[in-house]
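Student: Got a minute to look at this one with me? I'd like to go through it bit by bit.

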Amino acid sequence: MPATGFWIRRIQWPMMELLKENRTRHYMAELRRAQSLQTDALLESQRKKLGKLLDHATRDVPAYTEFASEWETHREQPERFLQRLPILSKSRFRQNADQYLSQHTNPAKLIGNRTGGSTGEPTRFYLDRPAVERYEAARWLGLSWHGIQIGDPCVMIWGSPLELNQQQERRHRWKERWLKNRLILSAYELDTEQLPAYLRLIQRFQPVYLYGYASALHSLAEMMLERGLSPGIQLKAVVSTAESLHAHQRQTIESAFEAPVINEYGARDGGMIAYQCPSGRMHIFSENCFLEVVDPLTGIPLYPGETGALLVTDLHNSVMPRLRYQLGDMIALSPQSCDCGINFPVLEKIDGREDDMFISTHGKIVHGHYFNHIIRGMDSFRTFQIVQHEPSRLSLKLVKDPDTYLPADESRLLAGIQAALGDVSVQVAYVDHIPPSASGKVRYAIRECPLTTAPRME
Ligand SMILES: [Zn+2]
């Protein structure tokens, strides 16, 4: 609703700034200035912020005070010093979480948060308002690259129902509608009969953009294409977040909604990390975070262009600094810049979750996309899910397409799995559909055993 957007920008945000000292737009202006800096200036600015964070962490955060004297002798090279610190895995953090809380934090100012726990135990952590506002600022800046501004109407296609009672739900919907100009639709409660009603809701709300999980947007898009339904409105973009966006999903979403798909890359416990620009590249908010990529088996730093485990250091979460936090994603940084005018460094690719990586009986890492790639080339199956329980024991769920199923495809698929993973047993089951996990996300490839259980052979 355009009038609501005007009200949000002209009245509500200035009021929040005045009364609650909200600084999101101030941080956004800072980021906007930074995006035109030259590479050297950007690096220098990031180095200064990292140095300040290390000063604070080694002085006030119990987990890091033992490194204080070492930091004193390496103050000139914060990036190098950071590499001397241990990698912080989620389980290591969970076991000692209170050690990461800054000693001089006012408990009243802490904001508690936790990850959804779609892959294992949820991780609980704290941040403060400025850190949250900096994430928000990064998101709004990313959206502004595509002509979307604060307060623009948005329909969220969300996977998981909110855990609220009726009164909370009404309050939540009111806030969403009038303070954020957002309408939330649950993609997983949707069936094909309700689809036209959903589309009418979207048409009536007149959003400028849609926002949702890749898989939620994808399942809605597939239903629309199957029934030949169009969105009936002109969208600036469809923003995909919270999950890897596969190329086939992007294609389906773009053709169903007749709008470009923008990828947003962030995590609750990692902040807003990168955003796709109009030239299609992912720019890293290097003013907000410091990223490293390491070999997931050895922890050795990798070069730009090489894919490995991502370590995030949030430069502004001073209440609970987590240095070299292993987020669980596999990515590659790019040695190249982009021609769009935004000078933030480029993230070459997001290659899925570490949990999507399989380990062969020879100790080699095999990407979950590998199975996706084989199956997408066959007409026999609509979709699938493969789980590695132990290095040599897997299960495979297949949703057959009864019209085009060929037993030979299944043999080829099993041969492909064994070619990649070695002499493994695969238990096959035919199912009607693959249900989403509790968080609402659908996963194609899941590894349940640690990456390091298999012997590593050179
Ligand atoms: Zn760009």
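Student: How much space lies in the second largest cavity?

Tutor: About 30 Å³. Keep in mind that this is a predicted model.

Student: Which residues line the second largest cavity?

Tutor: Its lining is made of Leu-199, Ile-202, Leu-210, Met-224, Pro-231, Ile-233, Leu-235 and Phe-257. By class, that lining has eight nonpolar residues, no polar and no charged.

Student: And how many cavities of 30 Å³ or more does the structure hold?

Tutor: Two. The largest has about 60 Å³ of space.

Student: What lines the largest cavity?

Tutor: Asp-269, Gly-270, Val-312, Asp-314, Asn-317, Met-320, Pro-321, Arg-322 and Tyr-325. Sorted by class, you get four nonpolar, two polar and three charged residues.

Student: OK, switching to the metal. Which residues coordinate the zinc ion?

Tutor: Cys-277, Cys-338 and Cys-340 each use SG, and His-283 uses NE2, at 2.1 to 2.3 Å. Along the chain the donors are spaced as C-x5-H-x54-C-x1-C.

Student: What's the geometry of the zinc ion's site?

Tutor: Tetrahedral, with angles of 103 to 114° among the four donor atoms.

Student: Is His-283 buried or exposed?

Tutor: Buried: its relative accessible area is 0%, and the cut-off for buried is under 20%. Cys-277 counts as buried too, because its relative accessible area is 1%.

Student: Now the core. Which residues touch the most other members of the largest nonpolar core?

Tutor: Tyr-64, Tyr-209, Val-238, Phe-257, Tyr-265, Ile-273 and Phe-344, out of 101 residues in that core. Apart from it there is another core, of 19 residues, including Phe-358, Ile-374, Leu-394 and Ala-420.

Student: Back to Phe-344: what is it in contact with, leaving aside neighbours within four places in sequence?

Tutor: One of its contacts is His-283, which is also a zinc donor through NE2. Next to that in the chain, Phe-344 is in contact with Ile-284, Phe-285, Ser-286 and Glu-287. The others are Leu-31, Ala-34, Gln-35, Leu-42, Leu-141 and Trp-145.

Student: And Phe-257, where else did that come up?

Tutor: In the lining of the second largest cavity.

Notes: Residues are numbered from 1 along each chain as its sequence is written. This is a predicted model: local features need pLDDT of at least 70, side-chain atom pairs count only at pLDDT 80 or more; totals for chains, interfaces and linings use all residues. Side-chain values use heavy atoms; hydrogens and water are left out. On a 1 Å grid over the protein atoms alone, a cavity is a set of points where a 1.4 Å probe fits but cannot get out, and a pocket is an open set with protein on both sides within 12 Å along at least five of seven lines; lining residues have an atom within 4 Å of a point. Grid points are joined across faces, edges and corners, and a volume is the space filled by probe spheres set on the points. Ala, Val, Leu, Ile, Met, Phe, Trp, Tyr, Cys and Pro count as nonpolar, Asp, Glu, Lys and Arg as charged, and the others, Gly among them, as polar. Donors are N, O and S atoms within 2.8 Å of the metal (3.2 Å for Na, K and Ca); water is not among the atoms, so sites may look incomplete. Four donors count as tetrahedral if all angles lie between 85 and 135 degrees; four count as square planar and six as octahedral if opposite donors are over 155 degrees apart and all others between 65 and 115; anything else is irregular. Buried means under 20% relative accessible area, exposed over 50%, partly exposed in between (1.4 Å probe, protein chains only). A nonpolar core is a set of buried Ala, Val, Leu, Ile, Met, Phe, Trp, Tyr and Cys residues joined through side-chain atoms within 4.5 Å. Contact means heavy atoms within 4.5 Å.
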